[in-house]
Amino acid sequence: NMPLDILGLVGMILLIGLATKNSILLIDFTNRLRRIGIGRDKALLTAAPARLRPILMTTLSIMLGSLPVAIGIGQGSEFRRPLAIVTIGGLLTSTLLTLFLVPTAYSLLDSGIGGGKRLLAWRPWRRSARQPQTPQPAPTARSTAVEGMD
């Protein structure tokens, strides 16, 4: 029974950044393991427990830091309370999604469901992925006079 104000929306932006960071931690470590020759499933099963501690440490520290404000302890807490509530609820949800949904989505995309192989291999920022373009000849200057009207 609390309105979603501007601080609640700022909390949502904070959540987007934190959830992205947690997912990047997990996927980056999985990709590193795959580069050294470990299979996809083994890499995911190794990366998830290895990155569980950093993900939980950042999540729990932010949640516990926001708890006094969410409860209403301290001066000005009623103003910042929506930010704390959005942050705590969103972090709880995004952490569960990061730990369960991201590895599942990675596995499905990598196995080729829904064109996932093309999506994971698409890197538009690489030069080698682009086709070399041949230079086009410069347009020649045309005469503005119409024939027969000299």
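When I say helix, I mean a DSSP run of H or I, at least four residues long, numbered from the N terminus. By that count, Arg-51 is found in helix H2. I will come back to Arg-51 shortly. One caution before we go on: this is a predicted model.

Start with the whole chain. The protein chain has four helices and zero strands. Read from the N terminus, the order is α-α-α-α. The chain has 150 residues, and buried ones make up 26% of them. Now the contacts. Take those between residues at least 6 apart in sequence: 65% of them join residues at least 24 apart.

On to the packing, pair by pair.

First up, H1 with H2. H2 covers residues 40–71. The axes of H1 and H2 come within 8 Å and cross at roughly 150°. Anything over 145 degrees counts as roughly antiparallel. So H1 is roughly antiparallel to H2. The crossing of H1 past H2 is right-handed. What classes of residue make up the contact of H1 with H2? There are 13 nonpolar, five polar and four charged.

Here is Arg-51 again, on H2. How far is Arg-51 from Leu-26 in space, C-alpha to C-alpha? The distance is 6.1 Å, and the two are 25 residues apart in sequence. Leave aside the neighbours within four places in sequence, and Arg-51 is in contact with Leu-25, Leu-26 and Phe-29. Helix H1 spans residues 6–35, so those three partners sit within its range. Is Arg-51 buried or exposed? Neither: its relative accessible area is 21%, so Arg-51 is partly exposed. The cut-off for buried is under 20%.

Next, H1 with H3. H3 runs over residues 77–110. The axes of H1 and H3 come within 8 Å, and they cross at roughly 25°. Angles under 35 degrees count as roughly parallel. H1 and H3 are therefore roughly parallel to each other. This crossing is right-handed. The contact of H1 with H3 holds 17 nonpolar residues, ten polar and three charged.

The third pair is H2 with H3. Their axes are 9 Å apart, and the helices pack at an angle of about 175°. That makes H2 roughly antiparallel to H3. Here the contact divides into 17 nonpolar, seven polar and five charged residues.

Let me zoom in on two residues of H3.

Thr-95 lies in helix H3. Its relative accessibility is 5%, so Thr-95 counts as buried. What does Thr-95 touch, leaving aside its neighbours within four places in sequence? The partners are Ile-55, Leu-56 and Thr-59. Check their numbers against residues 40–71, the span of H2.

Then Ser-94, also found in helix H3. Ser-94 has a relative accessible area of 10%, so it is buried. Where does its side chain reach? The side chain of Ser-94 reaches the backbone oxygen of Leu-91, at 3.4 Å.

To wrap up, the angles once more. H1 and H2 cross at roughly 150°. H1 and H3 cross at roughly 25°. H2 and H3 pack at about 175°. On the residues: Ser-94 is buried, Thr-95 is buried, and Arg-51 is partly exposed. Those are the places to look in the model on screen.

Key. Residues numbered from 1 in each chain as written. Predicted model: local features only at pLDDT ≥ 70, side-chain atom pairs only at ≥ 80, totals over all residues. Heavy atoms only, no water. Axes fitted to C-alpha atoms, helices over the stretch in contact; angles between N-to-C directions. Parallel < 35°, antiparallel > 145°, perpendicular 65-115°, else oblique. Left-handed = near helix turned anticlockwise from the far one by under 90°. Nonpolar A, V, L, I, M, F, W, Y, C, P; charged D, E, K, R; others polar. Buried < 20%, exposed > 50% of the residue type's maximum accessible area, 1.4 Å probe, protein only. Polar contact = N/O pair within 3.5 Å; in protein donor to acceptor, adjacent residues only side chain to side chain. Contact = heavy atoms within 4.5 Å.
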